[in-house]
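Me: I've got a model open here and I'd like to test the labels people put on it. Mind if I keep asking where they come from?

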Amino acid sequence: MTLKIFLEVVELRTKVASVFPFAIGVLFSIAFFHEIHWLNTGLFFIGMLVFDLATTAINNYMDYQKAHSKTYKYQENVIGRTGISPKLIQKMILGMIFFVLLIGVILTARTGILLLLMGATCCFIGIFYTFGPIPLSRMPLGEIFSGVTMGLGIFAMVIYINTYSTKVFDLILSFQTGTFRLEGNIWSILTIILASLPLVFTIANIMLANNLRDLERDIENHRYTLVFYIGRPIGQLLFQLLMYACYLVVLIGLLSHVYQWPILLTFLTLPTIYRNLQQFKQSLPHPISFSYAIKNMILFNSSYALGLLCSILLSYV
């Protein structure tokens, strides 16, 4: 397998969707909890990125195996088009998953057992998102699972590995006494959930945009996504509402002192995002429509990260 084919199988260019929850999680940990552990953060980033590459490879592998359209299987799917051995893809995927497991064990030893449980849950969803007899991506649950797993899951784990010493939230487990207890601060947990919502919404919108664009092809390949059940008009409305809800979350967070005033930088993106939403609606189902979801996700989350960064710098002035 050449490097070019490997990068096409794992679609490295698409990993921005997982990088934003990571980066914003790091910034939020510093801005709100005033804690950062760089070694843990670096190890987590490597493990997260490799697992994201593995899930994309699984997605391409399962699409190849389950394709009903010969045109898609042998002309569009990277495995069929390049003639690469499916067995080699399997070995590559297993190797990456084993590497991620090793990183997870190291981080669990450095932090706590709760990280292992959170990571295992996210990995389970990530793998069975496209793997198995009835993958989650072929059901009307794809948007929920992708948004929550990446937007909240990665974000919460990043905060956990950076705040484990102060136990913002944790699981205490004793094999000697056979007892366990969950502990933490409910307001901190609610804050983490609130701060993750823009990530959840923008990532869910990527899947929604993909399903809005590919409705006919998905039906041809027996993929019955959320859009199949609610239709394109309602799907388009949901796509817009999720994007506008990001700004509502910022306002709620500002009023409840989760954010400082620099977070208002996100509102500078509103005119551009409004135009992108209109162009998305007009371009459906043309392939270019999907690009507007990516643009919105990058634009909003970049401003979100910038607002947090400015808040951190402001605290040192």
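Me: What makes a residue of the chain count as buried, and how many do?
Reply: This is a predicted model, and the cut-off is under 20% relative accessible area. Of the 317 residues, 52% count as buried.

Me: Why is the chain called as compact as a globular protein of that length?
Reply: The globule rule gives 20 Å for 317 residues and the radius of gyration is 20 Å, so the label fits. The C-alpha trace spans about 55 × 50 × 35 Å along its principal axes, and the chain has 13 helices and two strands.

Me: How do you know what span to expect of helix 7?
Reply: Take 1.5 Å times one less than the number of residues. Helix 7 (residues 113–128) has 16 residues, which gives 22 Å, and its end C-alpha atoms are 23 Å apart, so the span is close to the expected one. Its buried residues include Leu114, Met118 and Cys122.

Me: What makes the lining of the second largest pocket mostly nonpolar?
Reply: Twelve of its residues are nonpolar, against three polar and two charged; Gly counts as polar here. Met118, Leu152, Gly153, Ala156 and Phe169 are the closest to the centre, and the pocket holds about 360 Å³ of space. Helix 7, helix 8, strand 1, strand 2 and helix 9 each supply at least two lining residues.

Me: Where does the label "transmembrane region" come from?
Reply: From an unreviewed UniProt entry, which lists residues 12–33 and 185–208 among others. In the model, residues 12–33 are 82% helix and residues 185–208 are 96% helix.

How values were computed:
Residues are numbered from 1 along each chain as its sequence is written. This is a predicted model: local features need pLDDT of at least 70, side-chain atom pairs count only at pLDDT 80 or more; totals for chains, interfaces and linings use all residues. Side-chain values use heavy atoms; hydrogens and water are left out. Helices (H or I, at least four residues) and strands (E, at least two) are DSSP runs, numbered from the N terminus. Buried means under 20% relative accessible area, exposed over 50%, partly exposed in between (1.4 Å probe, protein chains only). UniProt positions are given in the numbering used here, feature names are shortened, and annotations may be inferred rather than shown by experiment. On a 1 Å grid over the protein atoms alone, a cavity is a set of points where a 1.4 Å probe fits but cannot get out, and a pocket is an open set with protein on both sides within 12 Å along at least five of seven lines; lining residues have an atom within 4 Å of a point. Grid points are joined across faces, edges and corners, and a volume is the space filled by probe spheres set on the points. The radius of gyration is taken over C-alpha atoms; the globule rule is 2.2 Å times the number of residues to the power 0.38.
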